[in-house]
Amino acid sequence: METTLILLKPDTVERSLVGQVISRLENKGLKINGLKMMQLDDAIIEEHYDFLMDKPFFPGIKAYMKRTPVVAIAVSGANAIATVRNLTGATNPSEALPGSIRGDFALTIDANIIHASDSAETAEKELKRFFNEGEVVEYTKVTDAVV
Ligand code: CMP
């Protein structure tokens, strides 16, 4: 069982797509263990995207990620990290397959709807970045036995 971090980015909130994206996660059989809306500041964006700080598009990412709140989600399930990345689709929505979240809801890389951790190591770091102690909760669902 793995747990991974998802951010529903400002365009998802602005376009009222939060429910539709969360439904896709739930329909797949993933379990929501943490969920909160957050207004990001410069510090957390710089930490989260530190590997992009030297890129010419970094100021654009910063402005985008601060424009409106994001929704942070901790989700778990068998192979959750790879499964969520597959549901999410390619980083550039023009290359994301139809049926994926970016493939169905986004057009350009600078407003690509969703972020998902790309490895177990990243997921661990990113979950700690966006959720405080006690905000990611374990529980049992009746469907646990059948997914
Ligand atoms: P994400 O999956 O959150 O991880 C890194 C983010 O950087 C990516 O989604 C995009 O939002 C953003 N990004 C990557 N490449 C570009 C680019 N060429 N122009 C603008 N934003 C980019």
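## Polar contacts of the ligand

A polar side-chain atom of Arg102 lies 3.1 Å from an oxygen atom of the ligand, a distance that falls under the polar-contact cut-off (a pair of N or O atoms within 3.5 Å). In this predicted model, local features need pLDDT of at least 70 and side-chain atom pairs count only at pLDDT 80 or more, whereas totals for chains, interfaces and linings use all residues. Residues are numbered from 1 along each chain as its sequence is written, and side-chain values use heavy atoms, with hydrogens and water left out.

Lys9 places a polar side-chain atom 2.8 Å from a ligand oxygen atom, and His115 does so at 3.0 Å. Of the 450 Å² of accessible area that the ligand has on its own, the protein covers 80% (Shrake-Rupley method, 1.4 Å probe).

## The surrounding shell

Around the ligand stand Lys9, Tyr49, Leu52, Phe57, Ile61, Thr91, Arg102, Ile109, Asn112 and His115, each with a heavy atom within 4 Å of the ligand. By class, this shell comprises five nonpolar, three polar and two charged residues.

## A charge over a ring

Lys31 lies over the face of Tyr139, at 4.9 Å from the ring centre (for Lys, NZ within 6 Å of the centre and within 35 degrees of the ring normal).

Methods: A polar contact is a pair of N or O atoms within 3.5 Å; within protein, one must be able to donate a hydrogen and the other to accept it, and residues adjacent in sequence count only if both atoms are side-chain atoms. Ala, Val, Leu, Ile, Met, Phe, Trp, Tyr, Cys and Pro count as nonpolar, Asp, Glu, Lys and Arg as charged, and the others, Gly among them, as polar.
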